[in-house]
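Here is a friendly walk through one protein chain, with an eye on its charged pairs, its rings and a little sheet. Keep the 3D view open as you read.

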Amino acid sequence: MSLVDASRGRTCSRTLRSVALLAGGVLALPVLAGCSHDNGSDAKATAQDIAATPRDMVTDGGTLRWAVDTTPTTFNAFQADADATTGRIAGAVLPSLYTLDGQGRPQRNPDYLESAKIVEREPQQVVLYKLNQQAVWSDGREIGAPDFVAQWRALSGKDSSYWTARNAGYERIEKIERGTHDLEVKVTFTKPYADWQSLFTPLYPKEVTGTPSTFNDGARGKLPTTAGPFRVSAVDRKAGTTTLVRNPRWWGARAKLEQLVLTAVPREQRLTALAEGKVDLAEIDRSTAERISLARQAPGTAGQSPAHGPGSDMAPADALASWAQANGSDRKKARAAQLVRAELAEARTAYGEEQKALRDFVVRKSLEPAYTQLAMNGESGPLADERVRRAVARALDRKELAKIVLGPLGLPAEPPGSHLALAGQRAYADNSGALGQQSTQEAQALLADAGWTPLGAPKKRVPAKAGGEAGTGTKDESGTKKTGKATEKGSSDKNNKKESPDRNKNGNKKASDRASDEGMYIVGDDKPAGLRSGSGGTHVVAPAPAEAFESLAVQSGETSSDGSSATVPGTRAQEQQGGMAGAYAPPGSAAPSHPTAGGPLGRNGKPLSLRFVLPSGPGSEPMRAVGNKIAQMLDRIGVHTEITKVADESYFKDHIAAGDYDLALYSWPATAYPATDARPIYAKPRPASDGSLLVEQNYTRVGTDYIDQLFDLAAGELDEEDARDLVRKADARIWAAAGSIPLYQRPELVAVAPGVVNAGAFGFATPRYQDIGFKKAQPEAGSQASAGAGPNAGPNPGTGEK
């Protein structure tokens with residue numbers, strides 16, 4: 001990750017940490033009141049939509065053209081500039097010891113592993129890998145211990161001459177040895193590592209990882225040695241294509257496709273690329289999905305006046321009448337009308353041809369393993385006070401926001417209940433109860449407690465809230481902390497007068513009234529029981545896939561999932577009561593006597609205003625629709641939002657990462673290894689030597705030592721049940737901190753050409769590249785109909801061409 005310096009924070013690149021995108025935590029500790037930890041197994045992941053087809057029904061041969069975002073600058077997935085296409089290629093041509101199933105759960109890959117398990121826990125953790133005896137590199141050499149050793153040394157972080165973007169887990173390895181024979185690999189850890197299954201995927205040959213020069217440069221433009229169902233055949237950067245062909249030394253099920261061509265196509269050009277037959281598979285936005293749906297419902301004829309499209313809602317002369325009347329003679333009017341008719345006729349013809357070409361495509365849809373959140377910058381300003389952040393969170397009707405994006409697509413609009421896992425994953429549990437349900441009254445009470453009153457009303461002095469950041473440091477009249485160090489202040493639990501989950505001695509206090517700010521912004525005293533001295537505090541680097549995902553989510557405006565024509569319902573959010581009232585405002589706090597709905601709040605005559613930064617690109621309409629609805633919800637509690645639209649290309653780097661926002665929308669992917677991958681996203685920012693904050697990937701600048709400790713303990717907990725409990729407890733604390741609020745799981749929309757099977761909206765599951773192909777044509781009524789994608793004849797099986 002690049003070094004980004006800004007006036008309010010800093011993101012540093014280091015090689016101290018690892019893996020893919022998110023993280024979690026572990027240990028048996030008191031749980032925040034209102035958190036449920038028993039419902040994870042009941043939550044179901046939305047099923048993938050890939051036209052699953054048995055291999056014997058898939059044609060042997062053919063070329064599939066798959067639209068991707070880029071031609072990768074490197075084939076080394078462990079480098080900082082690796083992107084999503086790098087990962088796609090690695091999955092098809094390199095060993096993956098573990099893959100993910102449809103529930104986002106890691107599964108041993110039998111093509112490479114006969115078994116892998118922990119064989120010793122004391123005095124050290126030892127994992128024994130038994131490799132598939134048929135597994136070989138494309139040069140004929142066996143996959144074995146030398147490859148494991150070379151990759152460990154490259155990624156351990158001990159040799160800075162390796163330009164690596166991540167090393168989590170590898171730095172915990174003490175040694176790697178050959179077992180009783182060449183197909184056994186023993187890995188000994190210096191300290192326990194719960195997410196050991198995340199290691200050595202992908203696995204590179206020692207020829208790539210053996211020296212700094214081969215690691216840094218050797219695998220950037222080529223991969224001469226591979227070990228997957230495919231191998232890299234050619235890279236044409238001018239054409240934007242990367243061609244994969246069958247690997248003749250592949251020992252597993254033979255790849256059905258002869259060629260897989262990954263073609264770089266910008267998101268806004270994919271509809272045209274599909275219609276022109278340039279690609280067979282493409283992730284698309286909602287507007288493109290709607291065009292395909294319309295084409296399938298009413299194909300029409302080229303040149304025919306369509307029921308939709310150019311000029312479908314008015315006659316050309318009528319459209320021109322007001323202009324002509326104001327701008328000249330009848331001759332000019334007639335000439336202009338003639339030109340408009342000709343232009344509309346041409347546009348209609350083109351539109352009709354395009355619709356005809358699209359009508360055989362099918363849109364496959366699922367929920368992407370990623371969620372979009374409302375981020376609140378807690379470094380300074382009003383949002384440095386956790387009461388204000390909680391008020392904003394309590395004002396949101398998350399279900400209504402999810403419906404804006406997911407409802408029109410017919411996908412479940414259930415807001416995520418966790419920051420660290422999604423429905424279907426083992427670690428998932430709805431911990432949003434740590435924050436509470438939507439409630440306008442509770443939100444207003446929190447703002448009143450923080451000193452924000454209706455403008456014109458006398459200012460009410462309130463003491464700082466115990467256990468949190470509120471009231472610490474010096475603030476100016478707008479509420480901005482002059483210190484600018486929101487995460488460095490606070491008091492410990494031993495000074496917190498509120499009832500905590502550890503001390504339920506007050507018989508008059510309900511369990512649901514336990515203070516959710518317990519554990520917030522603790523500097524050093526809030527240590528979970530059993531925490532070893534000196535643990536925690538490891539700085540984590542943003543792994544390359546994470547940055548690639550962030551950039552992609554912004555560049556596409558989430559169009560790959562959210563679409564481009566979302567509308568904002570005008571209905572008022574339903575107000576819900578309940579939740580953990582005592583956790584959000586001191587006992588006895590009440591909503592202002594004069595409701596603030598429609599009336600702004602302020603302090604010392606200055607309004608409570610938050611800068612809401614949103615992308616401005618043509619594919620970002622859904623994000624702006626959600627943002628506008630959030631602004632309406634906040635207006636009801638007297639919080640003014642100043643929406644600022646910025647260019648898509650600068651949205652993340654110059655605003656999110658740099659901390660130049662109060663409110664923002666962006667996405668995080670889910671992970672099977674939350675204890676490893678999520679820690680940098682929620683790690684407490686630390687002061688850097690130059691006085692700025694080292695924020696890692698925590699772009700909200702909100703964190704606590706306690707959350708960090710839970711992550712550290714989770715990463716070292718080898719008991720799976722205990723590890724999941726710790727992840728859930730860390731998530732509950734993250735909810736209570738109210739730095740980020742998950743809103744909806746992103747939809748996944750994929751356009752697929754007729755006949756393409758075992759590909760589409762994969763959801764959580766890792767694609768099985770060797771099974772992707774074209775369905776065999778089935779004789780029917782004297783003709784051959786291509787199955788899989790539509791009522792009309794599809795491409796010629798074996799070629800992929802129409």
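Let us begin with a single side chain: glutamate 414 is exposed, with a relative accessible area of 52%, and the cut-off for that class is over 50%. Please bear in mind that this is a predicted model.

Glutamate 414 has a charged partner, lysine 399, and the closest N and O atoms of this salt bridge are 2.9 Å apart. Lysine 399 belongs to helix α10 (residues 398-406), while glutamate 414 sits in the loop between α10 and α11 (440-449), 15 residues away in sequence. Lysine 399 is partly exposed, its relative accessible area being 37%.

**Other salt bridges**

The whole structure holds 29 salt bridges. In another of them, the side chain of glutamate 207 meets that of arginine 141. Here the link runs from helix α3 (residues 206-209), home of glutamate 207, to the loop between β7 (126-131) and α2 (145-155), where arginine 141 lies, 66 residues apart. With 35% relative accessibility, glutamate 207 counts as partly exposed.

Arginine 611 and aspartate 660 also join their side chains in a salt bridge. Arginine 611 is in strand β18 (residues 609-615) and aspartate 660 in the loop between α14 (648-656) and β20 (663-669), so this pair ties together parts 49 residues apart in sequence. Both ends are partly exposed: arginine 611 has 22% relative accessibility, and aspartate 660 has a relative accessible area of 30%. Elsewhere, Asp69, Arg267, Arg270 and Glu283 are joined into one network by salt bridges that share partners.

| Salt bridge | N to O distance |
|---|---|
| Lysine 399 and glutamate 414 | 2.9 Å |
| Arginine 611 and aspartate 660 | 3.0 Å |
| Glutamate 207 and arginine 141 | 3.2 Å |

**Aromatic rings**

Now to the rings, where the count comes to 20 aromatic pairs. Tryptophan 66 and phenylalanine 762 have ring centres 6.2 Å apart and planes at 25°, so they are stacked. This pair bridges 696 residues of sequence, with tryptophan 66 in strand β3 (residues 63-68) and phenylalanine 762 in the loop between β24 (756-757) and β25 (773-774). Both of these residues are buried.

Tryptophan 66 also pairs with tyrosine 769: the centres are 6.3 Å apart and the planes stand at 40°, so this pair is tilted. Tyrosine 769 lies in the loop between β24 and β25 and tryptophan 66 in strand β3, so parts 703 residues apart in sequence are tied together. Tyrosine 769 is buried, as is tryptophan 66.

Ring pairs also build a cluster from Phe78, Tyr98, Tyr129, Phe148, Tyr170, Trp196, Phe200 and Tyr204. A ring can meet a charge as well: the charged end of arginine 603 sits over the ring of tryptophan 452, 4.2 Å from its centre.

**A three-stranded sheet**

An open sheet runs in the order β15-β16-β17, with antiparallel pairing. Its edges are β15 (453-454) and β17 (606-607), each with a single partner strand, so one side of each has no neighbour in the sheet. Two bridges connect β15 to strand β16 (residues 601-603) in the antiparallel sense. Proline 454 has leucine 601, in β16, as its bridge partner.

**The whole chain**

Stepping back, the protein chain has 802 residues, 58% of which count as buried. Its secondary structure comes to 18 helices and 27 strands. About 30,600 Å² is exposed by the chain, and carbon and sulfur atoms supply 48% of that. Of the contacts between residues at least 6 apart in sequence, 77% join residues at least 24 apart.

Key
Residues are numbered from 1 along each chain as its sequence is written. This is a predicted model: local features need pLDDT of at least 70, side-chain atom pairs count only at pLDDT 80 or more; totals for chains, interfaces and linings use all residues. Side-chain values use heavy atoms; hydrogens and water are left out. Helices (H or I, at least four residues) and strands (E, at least two) are DSSP runs, numbered from the N terminus. Buried means under 20% relative accessible area, exposed over 50%, partly exposed in between (1.4 Å probe, protein chains only). Contact means heavy atoms within 4.5 Å. Accessible areas come from the Shrake-Rupley method with a 1.4 Å probe; for residues, only the protein chains shown count as cover. Rings of Phe, Tyr and Trp (its six-membered ring) pair if their centres lie within 6.5 Å; planes under 30 degrees apart count as stacked, over 60 as edge-to-face and the rest as tilted. A charge sits over a ring if NZ of Lys or CZ of Arg is within 6 Å of the ring centre and within 35 degrees of the ring normal. Two strands pair if DSSP finds at least two bridges between them. A salt bridge is a side-chain nitrogen of Lys or Arg within 4 Å of a carboxyl oxygen of Asp or Glu.
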